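Please look through the chain below with the explanation that follows. The paragraphs start at one helix and its end, then move through contacts to the overall layout.

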Amino acid sequence: MRLPTRRTALKWLHWIMVPLFVWFLIVTPDVVVPFGPTAFQIHSTLALVFVSLSLAWFADMLRRGLASRPGPKLTGRLRTLHRVMHLTLIWGLFFVALTGFLLGLTSPILLKAGGFLPIAPPLGLRAANEIVGLVHIVEFYALGVVAGGHAAFHIWRHYRLRDNALRIMAPKKLHKFL
């Protein structure tokens, strides 16, 4: 069996992370807790998967740079916007993961991602925990706005510039829908 190329792996990464990103925009821990500990465990495990993929994507970007190219039909400011949006998403996901770590660090109790992986040793800094929690929430929803703008940009490219931007990003199995 042949390993997938970097581009193929990143295509699948996008298609796994997008539904998880939407899930966390809609479903917060406050929504999950009333459904019991099993629901919270599943939510926490999904968060661990999401953060792991985000950090892998960030590490790949640091090691090898952006995998995406703007394409020949994007010129001038649109080329710059393309790069800025991609970097904002990748760095933003890193900072969301970092503030998640800081939430665990400032927490009064030991938090475990997925129910088994300790996030950080709890220092019990309640005031700092509230501030970090607010920053974590605000940055995640701001990143949601950036992700929505990013999606709209690629949809615009696909239909207006007719550069097949969505086909380039999507795995081949999904091309029949585009």
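A good place to start is the residue that comes directly after helix 5: R162 has a positive phi, near 55 degrees. The model is a predicted one, and the values below are computed from it.

Helix 5 itself runs over residues 126-161 and contains 36 residues. From its first C-alpha to its last it reaches 51 Å, close to the 52 Å expected at 1.5 Å a residue. Several of its residues are buried, including V132, G133, E139, F140, L143 and G144. H150, F153, H154, R157 and H158 of helix 5 are buried as well.

Two of these buried residues, F140 and L143, lead to the nonpolar interior. The largest nonpolar core has 16 residues, and F140 and L143 are among those that touch the most other members, together with M17, F21, F50, W57 and L93. At least two residues of this core come from each of helix 1, helix 3, helix 4 and helix 5. Helix 1 is the biggest contributor, giving six residues. As general background, nonpolar side chains in soluble globular proteins tend to be buried together.

The aromatic side chains can be followed next. The model has 11 aromatic pairs. In one of them, the ring centres of F21 and F50 are 6.1 Å apart and the planes stand at 45 degrees, so the pair is tilted. This pair links distant parts of the chain, since F21 belongs to helix 1 (residues 6-26) and F50 to helix 3 (residues 37-64), 29 residues apart. Are F21 and F50 buried or exposed? F21 counts as buried because its relative accessibility is 10%, under the 20% cut-off. F50 also counts as buried, at 5% relative accessibility.

A second pair has another geometry. The ring centres of F58 and F94 are 4.2 Å apart, with planes at 15 degrees, so this pair is stacked. F58 lies in helix 3 and F94 in helix 4, so the pair ties together parts that are 36 residues apart in sequence. F58 is buried, with a relative accessible area of 7%, whereas F94 is partly exposed, with 22%. Beyond such pairs, F21, F24, F50, F140 and Y141 form one aromatic cluster. F21, F50 and F140 of that cluster were also named above among the core residues that touch the most other members.

Not every nonpolar side chain is covered. L62, W91, F95, L98 and F101 form a nonpolar patch on the surface, with about 450 Å² of accessible area together. Which helix gives the most to the nonpolar patch? Helix 4 (residues 77-106) does, with four residues. F95 is found in helix 4, and F95 counts as partly exposed because its relative accessible area is 38%, which falls between the 20% and 50% cut-offs.

Charged contacts are the next topic. Side chains of opposite charge can pair when their charged atoms come close. The count of salt bridges in the model comes to one. The salt bridge is formed by R64 and D60, whose closest N and O atoms are 2.8 Å apart. R64 and D60 are four residues apart in helix 3, so about one helical turn separates them. An α-helix has 3.6 residues a turn, so residues three or four places apart point the same way. The partners differ in exposure: R64 is partly exposed, with a relative accessible area of 44%, while D60 is buried, with 14%.

Past helix 3, the chain enters the loop that leads to helix 4, and A67 lies in this loop. A67 counts as partly exposed, at 21% relative accessibility. The C-alpha atoms of A67 and K11 are 10 Å apart in space, although 56 residues separate A67 from K11 in sequence.

The whole chain can now be put together. Its secondary structure comes to six helices and two strands. From the N terminus on, the elements run α-α-α-α-β-β-α-α. The C-alpha trace spans about 55 × 40 × 30 Å along its principal axes. Of the 178 residues in the chain, 30% are buried.

Definitions and conventions: Residues numbered from 1 in each chain as written. Predicted model: local features only at pLDDT ≥ 70, side-chain atom pairs only at ≥ 80, totals over all residues. Heavy atoms only, no water. Expected span 1.5 Å × (residues − 1). Buried < 20%, exposed > 50% of the residue type's maximum accessible area, 1.4 Å probe, protein only. Patch = residues over 30% accessible without salt bridge, like charges linked within 9 Å, V, L, I, M, F, W, Y side chains within 5 Å. Areas by Shrake-Rupley, 256 points an atom, 1.4 Å probe, with all protein chains shown as cover. Salt bridge = Lys/Arg side-chain N within 4 Å of Asp/Glu carboxyl O. Phe/Tyr/Trp six-rings, centres within 6.5 Å; stacked < 30°, edge-to-face > 60°. Core = buried A, V, L, I, M, F, W, Y, C linked by side-chain atoms within 4.5 Å.
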